[in-house]
Amino acid sequence: MNNLNIYGQKIGEEQPTFIIAEAGINHDGDINLAKDLVLKASDSGADAVKFQIFKAEEFCSVNSEYFNLFKDLEISEDEWIEIAEFAKDKNILFTASVFGDESLEILDKTGSTFYKTASGDITYKSLLQSLGKKGKPIILSTGMATIGDIEEALNFIRQTGNSNIGILHCVSNYPTDYKETNLNVIKSLKKLFQIPVGFSDHTNGTIIPAIAVALGANIIEKHFTIDKSLPGPDHNLSLEPNEFKEMVNNIKITEMALGDGSKIPTEPPESINAARRSIFVNRDIKEGEQLEKDILNVLRPAIGIEPKYLNFVDGKNTNKDIKKENPLLWEDIR
Amino acid sequence: MKISNIGIGTTEIGPDKTYIIAEISGSHAGSLSKMKKLIEAASRSGADAVKVQKFYADDLVVKDYEYYEILKDLEFNDSDWSKIISFAKNSKIPILVDVFDSDSVDFLNNLGVAGFKLHTTDINNLKLIKNVAVTGKPLFLSVGASNLNEIELARNTIFNYHRNLVLMYGFQSYPTPVEEAKLPFIPILKENFDLNIGFSDHSPGGSIESFSVPLISAALGASVIEKHITINRALKDPDYQSALNPDEFKDFVEVLRRIEQGLKYSGFEISDKEIDYAETVKRRIVAKKHINKGQKIRQSDLCFKRAPKGMFINSLRMVIGRTSRIELNSDDPITEEVII
């Protein structure tokens, strides 16, 4: 497994899950809202906050009905630099998916430490290679992709000499139905490509990311907003800060709970003995008396002879008086 | 999954390279010179370590035990043992010893053996297990023919002192038939105990299985392979049944070293050799008939054949409807250069 290293933070096996708050276009074109998203993402426990930086012309035809919508969501270069500096101040990594060379240039000026590509750009060879040439780690979303598509995209990037790549399993339906989530893909992709694999979650709620981590996801990405009721298109499918915190907490719990797969009891011996059984006598017994099963009970706690020796004990003679309800000990029998 | 590597000398035991132990066991037949010959043979074979067994027959077995006499004849005295250990050192091969009594543990530890092995004989002998564990030396624990319960108790005892532990799976049945190997247990054992697993192979010496069974164990994740070595099976020295002759052992090490290269996988990527193969066998686009310079190329002008040059069929969309830059004859390759 080839770990990723983003600004000193290792991503991969035996490492804490790298959590990305996908703020996308939830800034609604407003720098103050963007900064608020950065602040709240940092407070919510995300390792990185991710936006989309674009010039509408880069991906949208001017004749498209959405052109003006996207044009209104543009934030200027100077503002992006200010937002990235704010993120640095708030101790959270800043990045964005970019949609062409112009937006890539803006992102680079922000000093972003890694790149994240959109699922829809997995076949966009020249963009992938522009990113690859920068030599920074790249996280590739794979919604709608076959393993052949992923293979080809990895090769495009590797041809630039950059092998610092992680991939995110992703289903590009909003919201994703639980039935089509196919989280086991995380395991298959990891085995196949031997690079860090994460999950970009578009299901409702906060449970699926934790399960993805249980299945080996090294990275989790989830849409993030400060208020679901805001008018932009992605707010209502995003988590609010309190929900995002809950998701992060679920991931941390999952990491703690997974363990190494080796079944070694951690319960203290006292509680094991309190819960397990041993052989007791159910009436007063005289020294030399022969023990029979009907005067023996197998009861809690485990302070006498173990239950598996019941047949062995049956018929043995005692070598001292034993009071009713006392455990039968090895030194009690001849 | 954490897999701890244990360092013996400069070798690491772990998933990257199989650690091969040449097991001398009783093959020396009680002769110090044979013992030395075997250590030399093990060293020359390329094995990573040689292993011997130190016991006192009278402490190990009762007088009427069927192998008492044989075992009695296999004993060496302390002065011989000092010679054996230093001979191994001079032969530049780490020596591991199966110990059966606590006095030998201290004695051998002082002589500087590379590690200890505990035989299945002592899986329940927690006192001896403890005495071996306190040395902190790398420990190979035989878990063949043992219950999970026995393995766990032994493991727990060792873990009180260190975790430089390899569980050695496999058992001796003079020799052991392949149906008894249950090789899929190796990765299961590894997963459940989160430790390096070794395989003690006892397939019939000289059989195909004597090579293939341990190689398969490596493919299933065994990071240590132990095999018996003998001077010559025809001599029928003790334990000859599952032993390899020195030349066979050398071959085995060579084959394993080659084959383990094929067990490496670091993510799907077509290799240069695979690319060469693909270039030779995959069909390419060639002219089916004469095409004039400047002629628009139609599908009916093309066919697909193995050829030294030309685009593969999956580039057909780049060809159809383009114009030929040059005159082409039947079987001429269609390359990016010939189309406009």
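What radius of gyration does chain A have, and what value would a compact globule of 334 residues have? Chain A has a radius of gyration of 30 Å, whereas a compact globule of 334 residues would have one near 20 Å. The model described here is predicted.

## Chain A as a whole

The C-alpha atoms of chain A occupy a box of roughly 100 × 40 × 35 Å along the principal axes. The secondary structure of chain A consists of 12 helices and 12 strands. Of the 334 residues in this chain, 47% are buried. Among contacts in chain A with a separation of 6 or more, 64% involve residues 24 or more positions apart. The surface that chain A exposes amounts to about 16000 Å², and carbon and sulfur atoms supply 48% of that area. Chain A carries 36 positive and 51 negative charges, and the mean positions of these two sets are 9 Å apart.

## Chain B as a whole

Chain B has 11 helices and 13 strands. Its radius of gyration is 29 Å, while a compact globule of 340 residues would have a value near 20 Å. Along the principal axes, the C-alpha trace of chain B spans about 100 × 45 × 35 Å. Buried residues account for 48% of the 340 residues in chain B. For contacts in chain B with a separation of 6 or more, the share formed by residues 24 or more positions apart is 66%. Chain B exposes about 16600 Å², of which carbon and sulfur atoms supply 50%. The 43 positive and 46 negative charges of chain B have mean positions 10 Å apart.

## Selected residues

Three residues, two in chain A and one in chain B, are listed below with their relative accessible areas.

| Residue | Relative accessible area | Class |
|---|---|---|
| A:Glu79 | 27% | partly exposed |
| A:Ser141 | 2% | buried |
| B:Ile320 | 24% | partly exposed |

A:Glu79 belongs to helix α4 of chain A, which covers residues 77-89. Is A:Glu79 buried or partly exposed? A:Glu79 counts as partly exposed because its relative accessible area is 27%, a value between the limits of 20% and 50%. The C-alpha atom of A:Glu79 is separated by 27 Å from that of A:Ile220, a residue 141 positions away along the chain.

A:Ser141 is part of strand β7, residues 138-141 of chain A. With a relative accessible area of 2%, A:Ser141 is therefore buried, since the cut-off for burial is under 20%. Which residue shares a side-chain polar contact with A:Ser141? The partner is A:Lys116, and the contact is 2.9 Å. A:Lys116 also appears in the wider set of residues in contact with A:Ser141, leaving aside neighbours within four places in sequence. That set further includes A:Thr117, A:Ala118, A:Ser119, A:Ile122, A:Leu168 and A:Ser200.

B:Ile320 is located in the segment after strand β13 (302-305) of chain B. B:Ile320 has a relative accessibility of 24% and so counts as partly exposed. Once neighbours within four places in sequence are set aside, B:Ile320 is in contact with B:Ile297, B:Gln299 and B:Leu302. The C-alpha atoms of B:Ile320 and B:Ser300 are 9.6 Å apart, and these two residues are 20 positions apart along the chain.

How values were computed:
Residues are numbered from 1 along each chain as its sequence is written. Chains are lettered from A and ligands numbered from 1 in the order in which they are written. This is a predicted model: local features need pLDDT of at least 70, side-chain atom pairs count only at pLDDT 80 or more; totals for chains, interfaces and linings use all residues. Side-chain values use heavy atoms; hydrogens and water are left out. Helices (H or I, at least four residues) and strands (E, at least two) are DSSP runs, numbered from the N terminus. The radius of gyration is taken over C-alpha atoms; the globule rule is 2.2 Å times the number of residues to the power 0.38. Buried means under 20% relative accessible area, exposed over 50%, partly exposed in between (1.4 Å probe, protein chains only). Contact means heavy atoms within 4.5 Å. Accessible areas come from the Shrake-Rupley method with a 1.4 Å probe; for residues, only the protein chains shown count as cover. Lys and Arg count as positive and Asp and Glu as negative; His and the chain ends are not counted. The place of a charge is taken as NZ of Lys, CZ of Arg, CG of Asp or CD of Glu. A polar contact is a pair of N or O atoms within 3.5 Å; within protein, one must be able to donate a hydrogen and the other to accept it, and residues adjacent in sequence count only if both atoms are side-chain atoms.
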